[in-house]
Amino acid sequence: MFQLSTTTVVLLLFGFYGLTFLMALRIGAKKENVDGYMVANGAIGFGMSAASMTATWIWAASFYAAASSGYKYGLSGALHYGFWGALMILFIYPFGKRFRELAPQAHTLAEIMHARHGRSSQMILAGSNIVGSIISLMVNFTAAGALVAVLSPLSFIHGVLIAGFGVLSYTLWSGFRSSVMTDFGQLMAMILAAVIIIPMIFFTLGGPQLFTEGMPRLNLEQASFFSKTAFLEQGAPFFVAVLAYAIGNQTIAQRLFAVREDLIKPTFITATVGYGAIVIGLGMLGFLALLAGVQPMDGDLNNLIPQMAATYLPPFAVGLLFIMVIGSLSSTADSDLAALSALVMTDIYGKNLARGRPNPTTMLWVGRLTMITATLIGVIFASMKLDILSMLIFVGALWGAIVFPVIASLFWNRVTNTAFTSAVAVAFLMFVVTRFELVSLHGAMALFFELLATLGGGVVIGLMAFGFFGRTAGLALGIVATLVLAPFAIGHLRDYAVLLSSLTAYGASAVVCTGVSLLSNERFDFERIGERVVAFQHSDNNESNPEEKEINACPVSL
């Protein structure tokens, strides 16, 4: 296999992060504003927002896990990964419009939960986001290490360290605004590289002839466009997990709170199309490897894409792919750092330690120290080399416990703090029990969890319908989906622990949240949320940063 020289890799990495840092310098402020640092004062334009949303969603998992899915599950694997991921971006915006309507100046979704319920619900949501973002950092740094180890003489840990501190260098400067501005350039690099690299590998492997020669290597499930195995083991769990990512992930919420409110819908529709087109193409690299009979190096599917590049691409294309992957993981890693800083600045320091009266200077120091600490933790965890696809589904399923309580809390005035916290706790417990099979999934116990999971499937469909078509459609389609799924789930779902546990979390949280809420006679006035969630610091017009105005205004015409 071809390898880039150490000198070439170092120049590519330092050149990429050096140029990115220079871009970030353009938006530096002599007197930084904390709201600008976290959400760019809610004024980002369409072009930059759509590019940032797309680039953030296309992360290391979009390369490595999509290719892994195509390799493991064949023809339908890449489609399951790319299509459901794209669809989930689309499903964010109807709920996102409600979040912005209730709290126009919000910085985190947990901050809205603080205004709605209080500290315990806020910390549940903030804590889950902190854990999720750190795991995401670990995944992206792991991807960088795998890329560098396969395509150069440098070691895995060299790649992890350079990526970690490269991302930190420019994100630390202006926080979220650095992340958004650099996302645009990173997305353009990814699109250019993908357009060149994917066809090049296809034709190097034999072009259309590859299908004729490679199809006999596939088993019946891998050769089927409607593979039951691919759907139950990959498509359905990912479909469920990504809905949880859409609602529970601060990197997504942060972009929702940063884009101009009137541009939410076009931004997310554009990102949906962009993500689906790019990621399905990237996932097909795994399917091409399966057709060609490629065996992943060291049995590690994380090595599949760099291995394919090193084997079948000329040197200049290997360099392109190197930059493409580094750009994708960096665009998400910087988003994770920005998300973590906003969570700690707002939900730990601003709302709790400072009790709603934070010092802006101290707040900025808290945010930057959070980024440094998170980078160190992410680098350390990346050395564990965990499977990216498994981590993605696991974290998404954990977040499934909060989806129904969060949405219900912001649409139904009867949901109480007790209902929220108890629903999340019970759903999390049920998830752990089924995911790790802490009880025997046979007989009555298996039936119990399958019934909860069947209800969970109805909840997922019902929530999606509710977002677009309203309460009546949501209830009707949720009930229909539950009845349709029941014959297929009961007696069968126990054999698919990942899907069973994910749907169980949805079902348990919905049952407990609804039941406990109905026991209470409390009614909440949603107008109080907007009164409680306010900006931490208002910029004086004379101190406004002209470069920030440029970022907020110019992308509208892109």
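## Lys351 in helix α16

Let's start with Lys351, which sits in helix α16, the stretch covering residues 315-353. This is a predicted model, so please read each value here as computed from predicted coordinates. Lys351 has a relative accessibility of 13% and therefore counts as buried, the cut-off being under 20%.

What is Lys351 in contact with, once its neighbours within four places in sequence are left aside? The list runs to Glu111, His114, Gln122, Thr346, Gly356, Arg532 and Phe536. If you have the structure open, helix α16 (residues 315-353) is a handy place to begin looking for this lysine.

## The chain as a whole

Stepping back, the secondary structure of the protein chain consists of 24 helices, with zero strands. Its radius of gyration is 23 Å, close to the 24 Å expected from the globule rule for 558 residues, so the chain is as compact as a globular protein of that length. Measured out along the principal axes, the C-alpha trace spans about 65 × 65 × 40 Å.

Burial and contacts add to this picture. Of the 558 residues, 61% count as buried. Among contacts between residues at least 6 apart in sequence, 86% join residues at least 24 apart.

## Surface and charge

The protein chain exposes about 20500 Å², and 67% of that area is supplied by carbon and sulfur atoms. As for charge, there are 28 positive and 28 negative charges, and their mean positions lie 6 Å apart.

## Salt bridges

Side chains of opposite charge can pair when their charged atoms come close. How many salt bridges does a search of the whole structure find? The search finds five, and three of these pairs are described below, beginning with Asp183 and Arg255. In that salt bridge the closest N and O atoms are 3.3 Å apart. The pair links distant parts of the chain, with Asp183 in helix α9 (residues 176-204) and Arg255 in helix α13 (residues 250-258), 72 residues apart. Asp183 is buried, at a relative accessible area of 0%, and Arg255 is buried too, at 5%.

Next comes the salt bridge between Asp262 and Arg260, whose closest N and O atoms are 2.7 Å apart. Asp262 is exposed, with a relative accessible area of 53%, whereas Arg260 is partly exposed at 31%. Glu450 forms a salt bridge with Arg494, and here the closest N and O atoms are 2.8 Å apart. This pair also links distant parts of the chain: Glu450 belongs to helix α20 (residues 443-469), while Arg494 lies in the loop between α21 (471-489) and α22 (497-518), 44 residues away. Buried or exposed, where does Glu450 fall? Glu450 is buried, with a relative accessible area of 0%, and its partner Arg494 is partly exposed at 24%.

## Ser152 and the start of the chain

Our last stop is Ser152, found in the loop between α7 (119-151) and α8 (156-174). At 1% relative accessibility, Ser152 counts as buried because the cut-off is under 20%.

Which residues does Ser152 contact beyond its neighbours within four places in sequence? They are Gln3, Leu4 and Val9. Ser152 and Val9 are 143 residues apart in sequence, yet their C-alpha atoms are 6.9 Å apart in space.

Technical notes. Residues are numbered from 1 along each chain as its sequence is written. This is a predicted model: local features need pLDDT of at least 70, side-chain atom pairs count only at pLDDT 80 or more; totals for chains, interfaces and linings use all residues. Side-chain values use heavy atoms; hydrogens and water are left out. Helices (H or I, at least four residues) and strands (E, at least two) are DSSP runs, numbered from the N terminus. The radius of gyration is taken over C-alpha atoms; the globule rule is 2.2 Å times the number of residues to the power 0.38. Buried means under 20% relative accessible area, exposed over 50%, partly exposed in between (1.4 Å probe, protein chains only). Contact means heavy atoms within 4.5 Å. Accessible areas come from the Shrake-Rupley method with a 1.4 Å probe; for residues, only the protein chains shown count as cover. Lys and Arg count as positive and Asp and Glu as negative; His and the chain ends are not counted. The place of a charge is taken as NZ of Lys, CZ of Arg, CG of Asp or CD of Glu. A salt bridge is a side-chain nitrogen of Lys or Arg within 4 Å of a carboxyl oxygen of Asp or Glu.
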